[in-house]
Amino acid sequence: MFRSPSFLLCGLALAATAAGAPLIGRMDGESYISPTGEFRIRAPILTELGGTIDDNESVVTFHDDFGTHISIACFDLDATQRWELETRGLRDYLLYFFSEIVMTNFRTRYPASTIESARYLPELLDGSLIAYSLLPGGSYFEPPTSVTGAPLENPVVAKRGTLLFVRHRHVYVVSTELAERATQRSTYNLTTKQEDDQLATRLTAIVGRMTFTDDKPRTP
């Protein structure tokens, strides 16, 4: 059954709520394997340097203090979602999924969140959508309160890149934060295009670390 938007929110907020919990998926050497076995990924963090991996049935989050915060969600397409995909077409379906489901959950946690831009990439993964969103107060690299415990007066506007695609009757949502907005705040000066290019490069690198159950065997 397809998961509700509230379930997706739990997954995207995983690192903040379930750090240290036992994995539901499993590790095979340096690779994380999802609970359903739909995908595996060479872990983009080093646990020996303090990196953490947290997951639930559908979402895994990788985080470290050096600038990595990545979530990968993999949701089965139920009959309703397959109908949405067939009637809308892939491009419009991915835009619908991002704007109506992913952004709804971002706004539940960070009410002022907005979509900055989105574009369809027909050549990537047989069709994918990359979207950029701004989340005021939504950085995983900035504490939510000051040293006195009071809310921050001017929290950083976090920027996330999200890559969506459909594979083997599942919709994938791969999301990462541009940590430099928080970690280099006083000297940060990237343009919007530079930010987009940076996030796009990182997202495609993440997907490049993944393999899927429907991957064809590679010719030796």
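How many bridges join β6 to β10, and in which sense do the two strands run? There are seven bridges, and β6 and β10 run antiparallel. That pairing is a good place to come back to, but let's set the scene first.

What you see above is a predicted model, in which local features need pLDDT of at least 70 and side-chain atom pairs count only at pLDDT 80 or more, while totals for chains, interfaces and linings use all residues. Residues are numbered from 1 along each chain as its sequence is written, and side-chain values use heavy atoms, with hydrogens and water left out.

Now for the overall picture. The protein has 220 residues, and 46% of them are buried. Buried here means under 20% relative accessible area, exposed means over 50%, and partly exposed is in between, with a 1.4 Å probe and protein chains only. The accessible surface comes to about 11,200 Å², and carbon and sulfur atoms account for 53% of it; such areas come from the Shrake-Rupley method with a 1.4 Å probe, and for residues only the protein chains shown count as cover. The secondary structure adds up to six helices and eleven strands. Both kinds of element are DSSP runs numbered from the N terminus: helices are H or I with at least four residues, strands are E with at least two. Take the contacts between residues at least 6 apart in sequence, and 57% of them join residues at least 24 apart. A contact, by the way, is a case of heavy atoms within 4.5 Å.

Let's walk along a run of strands. Strand β4 (residues 52-55) and strand β5 (residues 59-63) pair in the antiparallel sense, over four bridges. Two strands count as paired if DSSP finds at least two bridges between them. Three residues form the hairpin that joins β4 to β5, and Ile53 has Phe62 of β5 as its bridge partner.

From β5 the next pairing is with β6, again antiparallel, over five bridges. Here His63 stands opposite His69 in β6. The hairpin of these two strands has five residues between them, and Gly67 in that hairpin takes a positive phi near 120°. Strand β6 itself (residues 69-76) is largely enclosed by the rest of the structure, because seven of its eight residues are buried.

That brings us back to the opening pair. Across from β6 is β10, where Tyr172 is the bridge partner of Cys74. Strand β10 covers residues 170-177, and His170 is found in it. His170 counts as buried because its relative accessibility is 10%. Setting aside neighbours within four places in sequence, His170 is in contact with Glu38, Cys74, Phe75, Asp76, Leu77 and Phe165. The side chain of His170 also reaches the backbone oxygen of His168 at 2.8 Å. This is a polar contact, meaning a pair of N or O atoms within 3.5 Å; within protein, one must be able to donate a hydrogen and the other to accept it, and residues adjacent in sequence count only if both atoms are side-chain atoms.

His168 sits in the loop between β9 (157-167) and β10, and so does Arg169. His168 has a phi near 55°, a positive value in a residue other than glycine, and Arg169 has a positive phi of about 65° although it is not a glycine either. His168 is partly exposed at 30% relative accessible area, whereas Arg169 is exposed at 54%.

What about the helices? Helix α4 (residues 90-109) has 20 residues, and at 1.5 Å a residue it should span 28 Å, which agrees with the 28 Å between its end C-alpha atoms. The expected span is 1.5 Å times one less than the number of residues. Still, α4 has a kink of about 35°, centred on Met103; the bend at a residue is the angle between axes fitted to the seven residues ending there and the seven starting there. Met103 is buried, and other buried residues in α4 include Tyr93, Phe97, Ile101 and Phe106.

Two more residues round off the tour. Leu121, in strand β7 (residues 114-121), is buried at 11%. Apart from neighbours within four places in sequence, Leu121 is in contact with Gly127, Ser128 and Ile130. Gly208, in helix α6 (residues 192-208), counts as exposed at 59%. Gly208 and Ile41 are 167 residues apart in sequence, and their C-alpha atoms are 8.7 Å apart in space.
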